[in-house]
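Let's look at some charged side chains together. I'll ask what earns each label, and we'll check the values against the cut-offs.

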Amino acid sequence: MPAAAKNLALAYRLAELIDQGLVADFTAAARLLGVSQPRLTHLMSLMLLAPQIQEAMLFGTMKVGDKALRKLARAAEWSEQLAAVAKA
């Protein structure tokens, strides 16, 4: 399974744990995983990607590096994200 897909699944699981109150917040989640707060924020930002991009990541049909994913997640509109992927 690609690292991006594992990270996406982890982000959704962490969000669930936070929503359930089992983990207090991003800071506690970062501490739990042994990563920095900025790294955890990046990880959680994967959930902001367009559903089509997330699906492609999970099925392994889209090979995108960590740096490109950070850039994609900064685009607020899914249409912008999809247009950027289509250009690549």
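Q: Why is the contact between Asp66 and Arg70 called a salt bridge?
A: A salt bridge needs a side-chain nitrogen of Lys or Arg within 4 Å of a carboxyl oxygen of Asp or Glu. The N to O distance for Asp66 and Arg70 is 2.9 Å, so the pair fits that definition. Keep in mind that this is a predicted model, where local features need pLDDT of at least 70, side-chain atom pairs count only at pLDDT 80 or more, and totals for chains, interfaces and linings use all residues. Residues are numbered from 1 along each chain as its sequence is written, and side-chain values use heavy atoms, leaving out hydrogens and water.

Q: How are Asp66 and Arg70 placed in helix 5?
A: They sit four residues apart, so about one helical turn separates them. Helices here are DSSP runs (H or I, at least four residues), numbered from the N terminus.

Q: What makes Arg70 count as partly exposed?
A: Buried means under 20% relative accessible area and exposed over 50%, with partly exposed in between (1.4 Å probe, protein chains only). Arg70 has 34%, so it lands in the middle class. Asp66, at 32%, is partly exposed too.

Q: What joins Arg39, Asp66 and Arg70 into one network?
A: Salt bridges that share partners do that. Arg39 also pairs with Asp66, with the closest N and O atoms 3.5 Å apart. That pair links distant parts of the chain, from helix 3 (residues 37-45) to helix 5 (residues 66-74), 27 residues apart.

Conventions
Helices (H or I, at least four residues) and strands (E, at least two) are DSSP runs, numbered from the N terminus.
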